[in-house]
Amino acid sequence: MEQFSSNPFLKKVISLDDIFTPENFTEEHRMIASTASAYVEQEVLPVLPEIEKQQFDQSIELLRKAGELGLLGSDVPEEYGGLDLDKISSVIIMEEIGKTRSFSTTFGGQIGIGSLPIVYYGTDEQKEKYLPYVVSGEKIGAYALTEPSAGTDALSIKTTARLSDDGKYYLINGEKQFITNASFADFFILYAKVDGEKFTAFIVDKSEGITIGPEEKKMGLKGSSTTPVILEDVKVPVENVLGEIGRGHLIAFNILNNGRHKISAASLGMAKRALELAVQHVTERKQFNRLLSQFLLIQEKIAGIAAKIFTIESMVYRSAGELDRGYQYCKENNIPYRDILKQFAVEASINKVFASEALDIIVDEALQMHGGYGYISEYEVEHLYRDSRINRIFEGTNEINRMIIAQTLLQSKAEWPDFRKLDEGPSEEMAQEWELLSNLRRLAGQAMEMILQSFENYKEEQEILAWLANLAISIYAIESNLFRVEKLLANKAQKKIKEKKLLAKIFAYEASSKIVSEMFKFSVLHDEQIKQQQEKLFKTIQSSNNDFVHDKRLIASAVITAGNYSGIHKL
C-alpha cells in the first residue's frame, strides 16, 4: 500500500490536479454554501445583538436550528447521525459561520474541539452516546484544556484524576480557565493527569462537583460564553476515558491542528464581511461633495484588502483539498483519519498565522474607512474589530505557531527542494512571479543551512526562527495564489482571470519585499551566498513591469461595483 504524504514544502514536482481552489466547487458545495449563508443571514445575524448581551438561550436555539439543517454533522460519520461530508464542505460551512462574529466561536466549539475528539478517538459506545446529540444540537460540547497556569504549555496542567478504590470511576480535581460554551455545555472534553503524571483525555458530563464560574469580562466575543470550570471530586466513569491513558497529548495536538484550520476558514468569512461593510459605507458616505469610494486612497485600501482575502482563500481551500485527499485515502485504505492528521500541522499553523494576522489588518482598514462611525458600537465593524483580535491567541498563540513552522522545516531540511517544478510548466503570463517564488525557495534553503551550521541549539534563536516562519508562510501563500491562477489559465477561464492575476502579482511582490527588507537584522544571514540570493530577489522585484497603482484601482473598481469581494469573480 502506497504511503500517504501531504507535506507541500517537500515536493519538488507537483501537478495542478493536486491543487483545490474555490473555482473547483461542485454543485453540492455551492448548495452547502447557500444553506449556511441563508442560516447566517436569516437566523443568526438578526439575533446577534441579543446574544451579545449574553442571552445564551438564543445561542442554544441557534445550535439546534443548525442541527436541523445538517450544519453540525459535516465531520461526523453517517452511522452516528452525521453527514460525513468532504473536508471542503466543512471549510465552506465554517467560512460562512465566520461572518457571525462571537457566535462563530460557539458554533466552532460545538463542531470542532468540543466533539471531534470523540469522532477521531472515541469508542463505538462513546460515539453512540454523544455524537447523535451533538449533530442535532441537543447536547452541547466544550473543550477544557487551559488552566490558570497552563495555556499554550498544555502539558503543564495541574488537574488530576485518581482511580477509585473499586476501579469504576476517576475522581477529578482541578480548575480550568477560559472555557468556551462552559455555561451551557452538557459535557466537556477535559484533560487531566492520571495519578498526577499521565496526561489523559476524558469525556466529563456536567454533574455534581462541577462549578461553573462567572462569565469573563472580555474585550470582544461578548456573545460567547467563557468561564472557569472548577472540579471537586467529580466522578467520571472509567468508560469515559478518551483514547489511551497517558496519551492525551496526541488528541490535544491533533485537535488543535484541526482547530487552527477552522480558525483560518472563519477568519476568511469575517474578512469578507468586513470588506462588504466597508464598501457599503464608502459608497453611501460623502465628504467634500464626493463619495468616499471615489477617493484613490480609499480604493487602495479596498484593493489591499481584496489581495489579502484572495490569498487567505487560496491557502485555506488548497489546504482543505489536501486534507480531503488524506481523508479519502484513509477511507479507501481503512485507516483512521487521526493517524495522518499530524502531517497537516505545518499547513494548519501557516494558515492560522496568516489568516488571523491578515484579518486584523483588514478589519482595521475597514474600520478606518468608516471614520468616526467605525468607533461607535452601533456599527458592526466595531464588533468585528474587537472580535477578530482573539484569533492570534486561540489554538496556540501565533508566536508558538511560528516556532512550530520553523522547527518543522529545519528538521526536514535534508528533503527541502530549493525550487518547485510544475508538471504542466508555468505560464508565460506568470513567469516573473514563478521566478520570484523560486528565488524565495532558494533563499529559504540557504537560510536553513546557515541556521543549522551556526547554532548548536537553534530552537532558542526565536527571532530568526520567526523570520524563517514568515518566509515559509510567504512561500505557501504566494505559491497557493500562483497555483490557483495557473489552474484558471489551464482551463482557459479568461472571464474570471484578469483580477485574480493582478491580485496574485500584487501579493507576491509586496510579501517578497517585506521578507527581504527584514533580513538585515540577522548577522547569520550576512553570508556571501545568501547576500547573492538576496540581490537576485531585489533584481527580480525591481524588474517588475507592473503598474500596481493602476492595477489596484482596477481591482477596487470591480469590488466597489459589485458591493463586495465577489467583484473579483465577475469581470
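**Note on strands, a buried glutamine and the nonpolar cores**

1. Leu-171 stands opposite Lys-235 in S8, and this pair belongs to an antiparallel pairing of strand S4 (residues 169-180) with strand S8 (residues 226-237) that runs over nine bridges. Strands here are DSSP runs of E with at least two residues, helices are runs of H or I with at least four, and both are numbered from the N terminus; two strands pair if DSSP finds at least two bridges between them.

2. The model is predicted, so that local features need pLDDT of at least 70 and side-chain atom pairs count only at pLDDT 80 or more, whereas totals for chains, interfaces and linings use all residues. Residues are numbered from 1 along each chain as its sequence is written, and side-chain values use heavy atoms, with hydrogens and water left out.

3. S8 also pairs with strand S7 (residues 210-212), in the antiparallel sense and over three bridges, with Ile-212 opposite Val-229.

4. Gln-126 lies in helix H7 (residues 124-136) and has a relative accessible area of 4%, which is buried (under 20%; exposed is over 50%, partly exposed in between; 1.4 Å probe, protein chains only). Its side chain reaches the backbone oxygen of Glu-239 at 2.8 Å.

5. The largest nonpolar core (buried Ala, Val, Leu, Ile, Met, Phe, Trp, Tyr and Cys residues joined through side-chain atoms within 4.5 Å) has 134 residues, of which Phe-107, Ile-302 and Trp-467 touch the most other members. Helix H15 (residues 462-490) gives the most to this core, with 18 residues. A second, separate core of 36 residues includes Tyr-120, Val-134, Phe-187 and Ile-255.

Notes:
A polar contact is a pair of N or O atoms within 3.5 Å; within protein, one must be able to donate a hydrogen and the other to accept it, and residues adjacent in sequence count only if both atoms are side-chain atoms.
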